[in-house]
There are 2 protein chains.
Amino acid sequence: MPKVTEDYKEKRRVEILKKAEAVFIEKGFSHTTMTDIVNATGLSRGGLYHYFSNTDELYQAIIHEKDKSAEEYFNQLLDGFETAWEGLDTYLNEVEKALINSSTSFASVNLEYFIIGRHAEGRRDFISERYKQAIGHFTKLLGKGVEQGEFKPIQPVDAIANYLINIVDSMHIQLLVIDKEQSYISEQIEGVRIYLKRVLGKG
Amino acid sequence: MPKVTEDYKEKRRVEILKKAEAVFIEKGFSHTTMTDIVNATGLSRGGLYHYFSNTDELYQAIIHEKDKSAEEYFNQLLDGFETAWEGLDTYLNEVEKALINSSTSFASVNLEYFIIGRHAEGRRDFISERYKQAIGHFTKLLGKGVEQGEFKPIQPVDAIANYLINIVDSMHIQLLVIDKEQSYISEQIEGVRIYLKRVLGKG
């Protein structure tokens with residue numbers, strides 16, 4: 001029997017998460033069963049349960065992977081550019097592209113998980129924790145600009161970070177119900193840029 | 001037997017909707033049954049079904065009432081002030097108050113109805129129709145300012161209206177999971193004002 005290495009197990013785990021993500025997007029979180037995941041992965045039932053016990057665990061593991069990527073991504077935005085504005089601007093360009101090009105979005109799954117779980121203490125904490133992580137990424141990036149004397153914010157940096165996350169999230173939600181052509185995504189992203197320049201004392 | 005007038009029936013109908021709204025907020029849309037509404041209203045089962053056949057009908061009737069009020073409200077913003085900016089500013093003040101003071105919000109019910117129904121053609125149309133109505137109110141108000149030479153927008157008025165609705169909606173959603181004290185509502189509303197002044201060529 002071949003030795004099952006940690007590395008092999010981790011790869012298999014990530015593969016399962018990718019398949020599960022696609023199923024969640026297609027069927028929605030609450031309509032997805034463990035049997036759907038068994039079918040999508042081609043694993044045996046026991047094989048799947050070796051890794052995950054329920055869809056809640058799968059969802060949270062997907063988010064954990066996404067958070068790791070987000071962490072890396074924001075570190076690049078923070079360190080990969082000379083100015084904080086270049087980092088912010090790159091972020092907005094990439095969000096715009098993602099919103100315009102992607103036909104399927106995990107946003108609906110997040111929203112569903114969130115709205116169904118809003119009364120469940122554990123889920124509320126999980127979601128609120130993630131929100132605060134996202135705020136943290138942006139306050140870091142904005143803070144860099146303040147330190148370098150590049151930004152002279154006329155509002156608290158935390159408030160600006162909140163606003164930024166909210167307006168971007170709301171576009172993800174809008175696209176779930178309004179056609180892209182009627183959603184003015186590029187103009188709204190430009191609107192965020194206009195807001196940021198003003199509130200960061202850049203013009 | 002007393003004559004049941006149309007007026008009486010309409011009053012009874014609106015009373016049912018108020019009670020139903022409270023139940024939806026408390027239990028969430030998908031966990032509310034017609035039996036819950038029977039209990040909340042004190043009507044007999046037959047009495048309730050005389051007015052509404054299911055919770056979907058109840059929800060849509062509540063929204064219809066809210067839309068009527070919104071229509072009146074926006075007409076006041078449009079006609080009750082000399083400048084369009086005063087109308088917009090009043091709107092933002094009132095949204096701020098509503099977000100800070102209300103402990104219970106229909107936003108969660110709307111979001112739930114929306115997220116559950118995102119794959120159902122009929123619901124998607126219903127939601128998208130309402131979104132467009134809201135856009136219409138703001139484009140009218142912004143258009144008044146343009147006509148009067150008060151606003152010189154640097155972006156399409158429709159895009160600004162989209163943005164405005166998105167950022168306000170997102171604050172309603174944020175409050176479902178983040179405590180008010182950590183949500184920077186007043187600062188974000190001020191952020192919307194800063195954005196609007198800039199994008200409308202007011203400073």
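1. Between chain B and chain A the count of salt bridges is 0. This note concerns a predicted model, and the absence of salt bridges between chain B and chain A is a useful place to begin reading the interface. Over all chains, by contrast, the structure holds 20 salt bridges.

2. Polar contacts give another view of the interface. The rule finds 13 residue pairs in polar contact across the interface of chain B and chain A, with both residues of each pair at pLDDT 80 or more. On the side of chain B that touches chain A, four helices each supply at least two residues: H6 (107-116), H7 (121-147), H8 (157-174) and H9 (185-199) of chain B. Of these, H8(B) gives the most, with 10 residues. By residue type, the side of chain B that touches chain A divides into 20 nonpolar, 14 polar and 10 charged residues.

3. The extent of the contact should be stated next. Chain B contributes 44 residues and chain A contributes 44 residues. Together the two chains bury about 3900 Å² between them, and 65% of this area lies on carbon and sulfur atoms. Within chain B, the residues that lose the most area to chain A are Arg118(B), Tyr163(B) and Val177(B), which together account for 16% of what that side buries.

4. How are the two chains related? A turn of 180 degrees, with a shift of 0.0 Å along the axis, lays chain B on chain A with an RMSD of 0.0 Å. This is the relation of a two-fold axis. The same surface serves both copies, since 100% of the contact residues of chain B recur in chain A.

5. The fold of a single chain may be described from chain A. Chain A contains 9 helices and 0 strands, and its pattern along the sequence reads α-α-α-α-α-α-α-α-α. Along its principal axes, the C-alpha trace of chain A spans about 65 × 40 × 35 Å.

6. Two annotations come from an unreviewed UniProt entry. One, "domain: HTH tetR-type", is listed for residues 10-70 of chain A. Over residues 10-70 the chain is 77% helix and 0% strand, and the end C-alpha atoms are 19 Å apart. The other, "DNA-binding region", covers residues 33-52 of chain A. Over residues 33-52 the chain is 65% helix and 0% strand, with the end C-alpha atoms 12 Å apart.

7. Finally, one salt bridge inside chain A merits attention. Which residue forms a salt bridge with Lys68(A)? The partner is Glu65(A), and the closest N and O atoms are 3.5 Å apart. Lys68(A) and Glu65(A) are separated by about one helical turn, because they stand 3 residues apart in helix H4 (residues 55-79) of chain A.

Methods: Residues numbered from 1 in each chain as written. Chains lettered and ligands numbered in written order. Predicted model: local features only at pLDDT ≥ 70, side-chain atom pairs only at ≥ 80, totals over all residues. Heavy atoms only, no water. UniProt positions renumbered as here; feature names shortened; annotations may be inferred. Least-squares fit on C-alpha atoms with pLDDT ≥ 70 in both. Contact = heavy atoms within 4.5 Å. Buried area = accessible area lost by both parts, 1.4 Å probe. Salt bridge = Lys/Arg side-chain N within 4 Å of Asp/Glu carboxyl O. Polar contact = N/O pair within 3.5 Å; in protein donor to acceptor, adjacent residues only side chain to side chain. Nonpolar A, V, L, I, M, F, W, Y, C, P; charged D, E, K, R; others polar.
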